[in-house]
Amino acid sequence: MTGPIPAASDLDTILARTRHLLLDFDGPICSIFAGLPAATVADRLRKLFGDHAQLPGDIARTPDPLEVFAYAATVSADLAARVETEMTDLELAAVATAAPTPYVHEVVTACLNSGRTVAVVSNNSARAVHSYLTRHGLDDRISLVVARTHHDPALLKPSPHLITQAVSALDAEPGECTLVGDSVTDIQGARLASVQSIGYANEPGKREHFTAAGAGAIINSLADLALRLRARVTNPEL
C-alpha cells in the first residue's frame, strides 16, 4: 500500500526554485512499450549476441532492454553499437503504440503558463523521443531534448551526463532545474547532477525506493504536479 500523497508544501518548496522542469520520457511522458512490450524488445536484442557470449542468468531473463544494452557494452563496442541501433529501431516502431501518461499535457501547459520551460532528459533514443513528441503535438512545447545518441551505456542515467548536458544547454543553474522520473536511476542521476528531483511513483513499491534514494518529493500522479503548477499561475507567491 502506497503512502499518502505529499503535502502541497513539499512540492511547492521545490517548484518555487524550479525554472526548468526536466521530464524523463518513458514513464512521465508516455509508456513507450505499451504496444510493443519491453520484454519483446529485450528478446530481440539478445538475438544479436549469437555466439559472442554466454549470457548470465539475469541478462538472459531481464525484460529491460537497457540492461541487455549495458551488458552488450561489456562484450565489445561493436556489439554495443549493433544492439543500440536495433534498440533505436524498435523504440521508433514502439512510438506508434505508445500510451501517453495521464495529465502530462496539463503539466506542460501549466509549466509554460507559469513561465517555466520543459525539457526531456531520457535514456531512450533521441530519435524516438522526437518522433513521439511530434506525433502527440508536444514538439513545439518542449524546449530541449537530451537523450540517447551514443552506444556507450555509461553516459545514461544514473550517470549525471545527460542531466548536466541539459542544464548547460538551458544556460541554467542546477538548482533551478528539477527532474521528474519514475525510476531510482533518475533520482540518483539528479543527485549527482545537483538538480532537484520528483519521483513519479506510478507503480506499487516505488515510493519506498524513491524515499531511500533521496527524492525531493514523490507524487502518485502527474495530476498532483499539474495542480500545484496551476496554483502558481494564479498565485505566483506559492
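**Close-up views of a predicted model**

**View 1. Strand β1 is covered on both of its faces.** Welcome to the first close-up of this predicted model. Strand β1 spans residues 20–23. His20 and Leu22 are buried on one side of the strand, and Leu21 and Leu23 are buried on the other. On one flank β1 runs parallel to strand β4 (residues 117–125), and four bridges join the two. Leu21 has Val118 as its bridge partner in β4, while Leu22 stands opposite Ala119 of that strand. Strand β6 (residues 177–181) also pairs with β1 in the parallel sense, again over four bridges. Here Leu22 turns up once more, with Leu179 of β6 as its bridge partner.

**View 2. Six strands form an open sheet with parallel pairing.** Strands of a sheet pair through backbone hydrogen bonds, either parallel or antiparallel. To find your way across this sheet, follow the order β5-β4-β1-β6-β7-β8. The edges are formed by β5 (144–148) and β8 (217–219), each of which pairs on one side only. On average, neighbouring strands of the sheet are turned by 20 degrees against each other, with direction ignored.

**View 3. Strands β4 and β5 pair in the parallel sense.** Four bridges link these two strands. Two places are worth locating here. Val120 has Val145 as its bridge partner in β5, and Ser125 stands opposite Arg148 of β5. How many of the nine residues of β4 are buried? Eight of them are, so β4 is largely enclosed by the rest of the structure.

**View 4. Helices α7 and α9 both pack on the sheet.** Helix α7, residues 126–135, touches β4 and β5. The direction of α7 makes about 130 degrees with that of β4. Helix α9, residues 184–193, touches β6 and β7 (196–200). The direction of α9 makes about 175 degrees with that of β7.

**View 5. Helix α2 packs against helix α5.** Two packed helices are described by the angle between their axes and the distance between the axes. For α2 (residues 38–46) and α5 (residues 77–94), the angle is about 150 degrees and the axes lie 10 Å apart. With an angle over 145 degrees counting as roughly antiparallel, α2 is therefore roughly antiparallel to α5. The crossing of the two helices is right-handed. If you would like to pick out the side chains, look for Val41, Arg44 and Leu45 of α2, and for Val83, Glu86, Met87 and Leu90 of α5, which make the contact. Five residues of this α2–α5 contact are nonpolar, two are charged and none is polar.

**View 6. The peptide bond from Lys157 to Pro158 is cis.** Omega for this bond is near 20 degrees. As for where to look, Pro158 is found in the loop that lies between β5 and α8 (161–169).

**View 7. Asp171 and Ser194 have positive phi values although neither is a glycine.** For Asp171, phi is near 55 degrees. You will find Asp171 in the loop between α8 and β6. Is Asp171 buried or exposed? Its relative accessibility is 71%, so Asp171 counts as exposed. For Ser194, phi is about 65 degrees. Ser194 belongs to the loop between α9 and β7. With a relative accessibility of 52%, Ser194 counts as exposed, because the cut-off for that class is over 50%.

**View 8. Asp224 is a buried residue of helix α11.** Helix α11 covers residues 222–234. Asp224 has a relative accessible area of 14%, and it counts as buried because that class takes in values under 20%. To close the tour, turn to Leu11, which is 213 residues from Asp224 along the chain. The C-alpha atoms of Leu11 and Asp224 are separated by 8.9 Å.

Notes
Residues numbered from 1 in each chain as written. Predicted model: local features only at pLDDT ≥ 70, side-chain atom pairs only at ≥ 80, totals over all residues. Heavy atoms only, no water. Buried < 20%, exposed > 50% of the residue type's maximum accessible area, 1.4 Å probe, protein only. Pairing = 2+ DSSP bridges. Axes fitted to C-alpha atoms, helices over the stretch in contact; angles between N-to-C directions. Parallel < 35°, antiparallel > 145°, perpendicular 65-115°, else oblique. Left-handed = near helix turned anticlockwise from the far one by under 90°. Contact = heavy atoms within 4.5 Å. Nonpolar A, V, L, I, M, F, W, Y, C, P; charged D, E, K, R; others polar.
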